[in-house]
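Hi everyone, thanks for making time for this. I'd like to walk you through one model today, so please have the viewer open and follow along.

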Amino acid sequence: MLGSTPGELTNTSTGTYYGGNTIIVSNNSFHNYGLFSIGQLKTISQSNLTGRFYQHEGGRLAISIDSLKAIKNDYLQVNGNAIVGGSIRPLARSLLPGAIPFLTATNLVSTASVLDAHLFDWNLTAAGNRLIMTPTANFSPTGYDLTPNQRSLANYLSRGWMSSDRALGQIFGYLHEIPLGDHLNYQNILNQLSGQVLNSQAVQMKTNFANSLAYSMSCPLLHGQNGDMKQTDCSWGFVSGNLTDQSSNASNAGYQSIAGAVRFGAQKAFDHDWTTGFAVGYGTNKLTSAGFSSTGNVVDVAVSASKAISQWSFGTSLAYAQGWFNNSRTPQLFGLGAADSLATTYGSKSGLYGLGWRVRSAYEVPLSAYYIKPYVDLDLIYTKQPGYSETSGILGLKAGASDQINFVATPMVEIGSNWLIAGNISLRGYLSAGASFLPNNKIATQMTFMNAMGSNGSFNIVTNGPNAFGIAKAGLQAFETDKFEIRAEYGVQAGQGYLSQSLGANLIYRF
């Protein structure tokens with residue numbers, strides 16, 4: 001507060017003064033060379049100044065704005081002459097379109113300008129003895145180099161601005177505080193507001209879903225020292241752990257996932273080299289990203305059939321998987337005055353369903369105690385993500401349902417050897433390498449802010465997983481002919497910022 005005692009008042013160029021309800025300089029003047037705030041910053045106040053008010057070049061008049069309140073902004077009433085130069089600095093807690101009158105004087109002369117922000121331009125007009133400023137917003141101007149996700153959200157915000165959507169008022173106030181030219185911060189904020197990280201669990205499960213198609217084909221037996229293989233009746237159990245890192249990019253927030261799974265299955269051999277098999281599995285994981293954590297539970301079931309013809313083998317499998325995810329998202333909004341009002345954690349429950357069909361063709365080449373087996377898997381996969389909503393709040397999101405059909409091709413080569421250790425005990429080692437190609441591997445979700453007007457439409461958030469990655473596996477099997485087998489395997493998938501490592505152990509009984 002400047003005070004109520006008549007007298008000459010001067011706010012120096014390095015000074016900051018906060019006005020009270022009444023400022024009296026009587027026949028003297030208040031000279032502002034520094035920052036003058038009508039009230040406390042980001043609170044709405046009104047001051048009556050009796051006397052003359054001069055704002056000189058370099059002086060700044062701070063006007064706090066909260067468009068969602070009944071009294072929307074600071075107001076300065078000058079009972080005397082006002083000569084306003086320098087600049088007006090709007091400080092928004094919430095902001096909507098419309099004229100904002102903020103100063104009235106008995107006699108008014110103005111050469112001032114309003115300080116623009118990164119996304120907002122301001123127009124200052126004098127209507128008689130009153131000063132009025134009016135904002136215009138542009139969330140995706142030419143040259144902003146936004147990603148498709150960022151541009152989709154920016155266009156959604158533009159529609160919300162045009163419709164004066166009060167549910168978005170605090171978001172507009174927050175975005176107004178981005179300093180002019182701070183485009184990197186704006187892009188980071190769009191990523192946080194868009195909720196693209198919510199797609200992480202779904203795209204991770206989708207990328208790994210093809211593995212479910214392989215488990216019902218899990219009982220090959222390497223028989224004898226010449227590398228010949230045949231199928232037998234068996235039952236098996238499998239325990240695995242997995243660590244996945246996905247780096248961030250234009251369409252993926254990046255994440256780390258730690259997972260574990262158990263599976264059980266059986267296979268039956270028939271005459272004429274036919275076999276059938278089935279597998280069931282349960283897995284759980286913890287996925288984390290910046291401001292996001294999620295726990296997932298996945299169950300899957302698969303059935304298969306195969307036929308051996310000389311050194312060729314042909315197989316097919318059908319798998320269904322269902323995942324449930326408990327998500328916790330805290331948007332990482334830093335450095336701006338309105339961030340505290342938006343710093344809320346939003347919870348949600350999402351899911352993904354997958355149905356896949358695989359065909360496999362393999363050719364075994366026995367070479368004395370070694371073998372080479374090239375094979376290729378071709379998968380057709382359908383996935384669906386049901387719609388869901390986050391807990392209510394200013395930044396709470398509602399996600400629409402989405403589905404997609406994808407084709408996956410995985411050519412591989414396996415090289416192995418078989419050694420007789422003693423009696424019926426054999427040891428087998430194998431290496432396999434290849435690649436998996438997953439064109440259009442993505443999750444696309446139509447998002448809206450929960451409390452926003454439906455007329456704003458929605459914005460599209462696409463999270464891409466890897467479209468291709470290399471695969472390498474190394475395994476060691478110890479087995480007693482026609483009885484027990486113990487298998488340990490390490491696998492890695494890597495490509496396009498994606499690295500997934502797994503370690504598994506099998507116990508197989510043949511009967």
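**A walk through the model**

Let's begin at serine 317, which counts as buried because its relative accessibility is 2%. Before I go on, a reminder that this is a predicted model. Serine 317 sits in strand S19. Which residues does serine 317 touch, if we skip those up to four places away in sequence? They are Leu213, Ser216, Met217, Val303, Ser304, Gly356, Trp357 and Arg358. If you want a distance to check in your viewer, take the C-alpha atoms of serine 317 and isoleucine 405: they are 17 Å apart, with the two positions 88 residues apart along the chain.

Now go back along the chain to the loop that leads into S19. Serine 310 lies there, between S18 and strand S19 (312–329). Its phi is positive, near 60 degrees, and serine 310 is of course not a glycine. Is serine 310 buried or exposed? It counts as exposed, because its relative accessibility is 72%. 

There is another residue to look at in this way, glutamine 496. It has a positive phi of about 55 degrees, again without being a glycine. You'll find glutamine 496 in the loop between strand S30 (484–495) and strand S31 (498–510). With a relative accessible area of 48%, glutamine 496 is partly exposed; the cut-off for exposed is over 50%.

Next, the hairpins. Strand S16, residues 255–270, pairs with strand S17, residues 274–289, in the antiparallel sense, and 15 bridges hold that pairing. One position to click on is glycine 265, which stands opposite alanine 279 in S17. Three residues separate S16 from S17 in this hairpin, and histidine 272 in the turn has a positive phi of about 60 degrees.

S17 then carries on into a further hairpin, with S18, and here there are two residues between the strands. In that turn, glycine 291 has a positive phi of about 70 degrees. How many bridges join S17 to strand S18, residues 292–309? There are 16, and the strands run antiparallel. Glycine 281 has aspartate 300 as its bridge partner in S18.

On to the sheets. One open sheet has five strands in the order S2-S4-S6-S8-S10, with parallel pairing. Strand S2 (16–18) and strand S10 (113–114) are at its edges; each has a single partner strand, so one side of each has no neighbour in the sheet. Inside that order, strand S4 (residues 35–37) and strand S6 (residues 60–66) pair in parallel over three bridges, and phenylalanine 36 stands opposite leucine 61 in S6.

Another open sheet has four strands, ordered S23-S24-S27-S28, and its pairing is antiparallel. Its edge strands, pairing on one side only, are strand S23 (388–389) and strand S28 (459–464). Strand S24 (residues 397–399) is joined to strand S27 (residues 442–449) by three bridges, running antiparallel. Alanine 399 has methionine 447 as its bridge partner in S27.

That sheet brings us to the helices. Helix H1 (residues 148–162) lies across S27 and S28, and runs at about 165 degrees to S28. H1 also meets helix H3 (residues 183–194): their axes come within 10 Å and cross at roughly 80 degrees. That angle is why H1 is described as roughly perpendicular to H3. The contact involves Gln150, Leu153, Ala154 and Leu157 from H1, and from H3 it involves Tyr186, Gln187, Leu190, Asn191, Leu193 and Ser194.

Helix H2, residues 169–176, is largely enclosed by the rest of the structure, because seven of its eight residues are buried. Among them are Phe172, Tyr174 and His176.

Last stop, helix H4, residues 200–212. Its 13 residues reach 19 Å from the first C-alpha to the last, close to the 18 Å expected at 1.5 Å a residue. Where is the kink in H4 centred? It is on lysine 206, and the kink is about 30 degrees. H4 is mostly covered, with twelve of its 13 residues buried. Lysine 206 itself is one of the buried residues, and so are Met205 and Thr207.

That's the tour, and I'm happy to go back to any of these places on screen.

Key: Residues are numbered from 1 along each chain as its sequence is written. This is a predicted model: local features need pLDDT of at least 70, side-chain atom pairs count only at pLDDT 80 or more; totals for chains, interfaces and linings use all residues. Side-chain values use heavy atoms; hydrogens and water are left out. The expected span of a helix is 1.5 Å times one less than its number of residues. The bend at a residue is the angle between axes fitted to the seven residues ending there and the seven starting there. Buried means under 20% relative accessible area, exposed over 50%, partly exposed in between (1.4 Å probe, protein chains only). Two strands pair if DSSP finds at least two bridges between them. Contact means heavy atoms within 4.5 Å. Axes are lines fitted to C-alpha atoms, for helices over the stretch in contact, and angles run from 0 to 180 degrees between N-to-C directions. Angles under 35 degrees count as roughly parallel, over 145 as roughly antiparallel, 65 to 115 as roughly perpendicular and the rest as oblique.
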